[in-house]
Amino acid sequence: MLELRNVTKTFQGPEGEVRAIDHASLSVRSGEIVAVQGPSGSGKTTLLLVAGALLSPTEGGVSIGGQAPYSMPPKRRARLRARTIGFVFQQFHLIPYLSVRDNILAPSGAYYEPDAERRADDLIHHLGLGNRAKHLPSQLSTGERQRTALGRALLNRPGLILADEPTGNLDSENTETVLRYLQEFRKQNGAVLLVTHDPRAAVHADRILHMEFGRIVGDTTSGRTEATPSPEQGEHACRIGASARNSAY
Amino acid sequence: MKLIGIMMKEILYRKLACALTALATAIAVGSCVGAVVLLDSHDRQTAKLLARKEAEMKARMASLNDEMRKAALKLGFNLLILPSDQNLRDWHTEDYAAKDMPEEYVSTLAASGIVTVRHFLPSLQKRLVWPEIKRTIILVGTRGEVPNMHKDPRQPLVQPVPTGTIVLGYELHRSLGLAVGDTVRLMGRDFTVHLCHNERGSKDDISAWISLREAQELLGKPGRVNTILALKCLCMGSQDIALLRQEIVRILPGTQAIEVGSRVVARAEARLKLKKQSKQMIEAERENRAQLRVQRELLVSILVPSIVVACAVWIAHMGFADVKERDAEIAILKAIGYRSGQVLLLFLSKSIAVGLVGGTAGLLAATCAGYWYGNRTVGETAGGGAGLLTTQPGLCATALSVACLLAVIAGWLPAFVATQRDPADALRNE
């Protein structure tokens, strides 16, 4: 679903060039959760943004669902993001003046889905936000906000979710809830790239990548007991019409 | 979720910021419309003021015309008939005629059939020193008017002085302390004061009138007069007066007739003078109003662009603040697939919507102000109030277009900046 090949990203800082990612390669298959761990400043978030077609790499290649986003014109890249990727952030990034339902529906403004409203209602129900549908983000608890952000990420039936510290601001109960939803997404052949410091989150990953100074220095399989989808399943999910896109997620 | 829905909810959420932006637009549009209304009111006020002054002038002229017509009808011109050998220069300097003529000339004229004269007033005048009191006076002997025999007899304009009485001018009775009924001695003869005139500011103030017969006796000129005043000469043009003078001289050979100043002439002159002055006043008023308009145009040409520019800067500032505040929001919109064009549209549509609201508010405020100002200065709507909306739809459409244009121009740069923001920057730096 997602493949980064020898990606390097550098920035110009006040003291010269900063290498945020240094020749990093990874792949996330459909039906797989890959966690990225590492100390602050190790390049995890930059890696996620490069993977999300939001930040073009200085070197290397990125492939999402078999497509190279950085070879596309901006319009097609935006369309790829709208249809294929769901983002979840530590700070939720909900739009403050839209209700829970409207926030979940927001991606439909970028990419029209005929059944977006019905699907939004399904997600609201499934995420336990039925009594909060008309509330603004400021009226929600942190757990509810993150569930709303998750609903927004899932609206367009993406094949890939990129989550940046999704449990960073949550208590243990809400952490478990969010991770459970990510697991369910994975079960529907969705692919998840999870940037986290949280060891509880890492437990749910199929693989854990360790980053230091922009490099991926370790790739370990987690102790998760659930079966990892076969490569065949993964290849199947790579097609945009993956089963994840047809399920409730 | 449509863009317009997101835009409307954002406006409702950020009411204060949007209200301040709308206020700036309202001020800009209000100042533009207000300037137009101000100048329009000025023009209407000028037209009304000048029309009123012209109407006043016409009314006064009409009144004077009427008075002159009545005066001409009732009084006519006065001609003074003097002996032909009377030197007119002496007559002007001495205030009386030294030469005399037969009193019967009056009867001759009255019976002559001359139709343009109503009355004749013979008199014998002489400047002399009042012997008893040593005062220089003009003694006038008069017998009252002799009506034209060919006219209907009317109430005489000048009453005769009864025999044995005297009429005194203001200066004489005031300085001598005389009143009606007092007896006064003149040239050895006693007279009872019959009438004391009010001040006239002329030689009349030092004149004394007695009956013609007594004057002839006192002055030793029985049956003689030295002036015959022809009253109520009914001629309206100078040509008619010349003909009348010729006719009198023909009837009374050995005389000359001169025109004496009359109220009609004075009024005609006053009328002409007033007309000239009124026209000058109106021209001066017109000039003043034109100068005032130039001053107002200058003020408007400086003030309005300044206000519009200040408002545009304010709107742009609000726009940049909005973009900064919504940095993460713009980033997430892009992250979930919104294109730069959609983000631009989101910002610009908001600018236009707020601009329209502000423009409408500014237009309404300006029309209300115009209504109030027009009522106060012109006494009518002066293009304000409902009048502006109904009579000047072009102005309203222009005002709203200006509001939208201002909003788009001022909002374009912030919106463009918003589209150029790298979402990764906002999301990476959270």
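The following exercises, each with a worked solution, concern a predicted model with chains A and B.

**Exercise 1. Composition of the two chains**

State how many helices and strands chain A and chain B have, what share of each chain is buried, and how its contacts are distributed along the sequence.

Solution.
Step 1. Chain A contains 10 helices and nine strands. Chain B contains 13 helices and 12 strands.
Step 2. Of the 249 residues in chain A, 61% are buried. For chain B, with 430 residues, the buried share is 45%.
Step 3. Consider contacts in chain A with a sequence separation of 6 or more: 72% of them are accounted for by residues 24 or more positions apart. In chain B, 79% of the contacts between residues at least 6 apart join residues at least 24 apart.

**Exercise 2. The packing of H6(A) and H7(A)**

Determine how helix H6 and helix H7 of chain A are oriented and which residues form their contact.

Solution.
Step 1. Helix H6 of chain A spans residues 142–154, and helix H7 of chain A spans residues 172–187. The angle between them is about 15 degrees, and their axes lie 9 Å apart.
Step 2. Angles under 35 degrees count as roughly parallel, so H6(A) is roughly parallel to H7(A).
Step 3. The crossing of H6(A) with H7(A) is right-handed.
Step 4. H6(A) contributes A:Gly143, A:Gln146, A:Arg147, A:Leu150 and A:Leu154 to the contact. From H7(A) come A:Asn174, A:Thr177, A:Val178, A:Tyr181, A:Leu182 and A:Phe185.
Step 5. By class, the residues of this contact comprise six nonpolar, four polar and one charged.
Step 6. A general point bears on such a pattern: an α-helix has 3.6 residues a turn, so residues three or four places apart point the same way.

**Exercise 3. Nonpolar cores**

Describe the largest nonpolar core, the helix that gives the most to it, and the surroundings of A:Leu162.

Solution.
Step 1. The largest nonpolar core has 101 residues. Those with the most contacts inside it are A:Leu2, A:Leu4, A:Ile64, A:Leu162 and A:Leu193.
Step 2. Helix H10 of chain B (residues 340–377) gives the most to this core, namely seven residues.
Step 3. Leaving aside residues up to four places away in sequence, A:Leu162 touches A:Leu2, A:Leu48, A:Ala51, A:Gly52, A:Ile85, A:Gly86, A:Phe87, A:Val88 and A:Leu193.
Step 4. Another core, of 37 residues, lies apart from the largest one; among its members are B:Leu124, B:Leu218, B:Leu219 and B:Ile251.

**Exercise 4. The covered side of H2(A)**

Identify the buried residues of helix H2 of chain A and the elements that cover them.

Solution.
Step 1. Helix H2 of chain A covers residues 74–84, and its buried residues are A:Arg77, A:Ala78, A:Leu80, A:Arg81, A:Ala82 and A:Thr84.
Step 2. Within chain A, the covering elements include strand E4 (59–64), strand E5 (85–89) and strand E6 (160–164).
Step 3. Chain B takes part as well, through helix H9 (327–335).

**Exercise 5. Two residues with positive phi**

Locate A:Arg157 and A:Phe213, give their phi values, and decide whether each is buried or exposed.

Solution.
Step 1. Most residues other than glycine have a negative phi.
Step 2. A:Arg157, although not a glycine, has a positive phi of about 50 degrees. A:Phe213, also not a glycine, has a positive phi of about 55 degrees.
Step 3. A:Arg157 is found in the loop between H6 and E6 of chain A. A:Phe213 is found in the loop between strand E8 (207–212) and strand E9 (215–221) of chain A.
Step 4. The relative accessible area of A:Arg157 is 13%, so A:Arg157 is buried. For A:Phe213 the value is 72%, and A:Phe213 is therefore exposed.

**Exercise 6. Environments of A:Gln37, A:Ser172 and A:Val203**

Assign each of these residues to its element and classify its accessibility.

Solution.
Step 1. A:Gln37 belongs to strand E3 of chain A (residues 33–37). Its relative accessibility of 16% is under the 20% limit, so A:Gln37 counts as buried.
Step 2. Beyond four places in sequence, A:Gln37 touches several residues, including A:Lys44, A:His197, A:Asp198, A:Ile208 and A:His210.
Step 3. A:Ser172 is in helix H7 of chain A and, at 46% relative accessibility, counts as partly exposed. The C-alpha atoms of A:Ser172 and A:Arg200, 28 residues apart in sequence, are 8.7 Å apart.
Step 4. A:Val203 is in helix H8 of chain A (residues 199–203) and is exposed, with a relative accessible area of 52%. Between the C-alpha atoms of A:Val203 and A:Leu179 the separation is 9.7 Å, with their positions 24 residues apart along the chain.

How values were computed:
Residues numbered from 1 in each chain as written. Chains lettered and ligands numbered in written order. Predicted model: local features only at pLDDT ≥ 70, side-chain atom pairs only at ≥ 80, totals over all residues. Heavy atoms only, no water. Axes fitted to C-alpha atoms, helices over the stretch in contact; angles between N-to-C directions. Helix = DSSP H or I, 4+ residues; strand = E, 2+ residues; numbered from the N terminus. Parallel < 35°, antiparallel > 145°, perpendicular 65-115°, else oblique. Left-handed = near helix turned anticlockwise from the far one by under 90°. Contact = heavy atoms within 4.5 Å. Nonpolar A, V, L, I, M, F, W, Y, C, P; charged D, E, K, R; others polar. Core = buried A, V, L, I, M, F, W, Y, C linked by side-chain atoms within 4.5 Å. Buried < 20%, exposed > 50% of the residue type's maximum accessible area, 1.4 Å probe, protein only.
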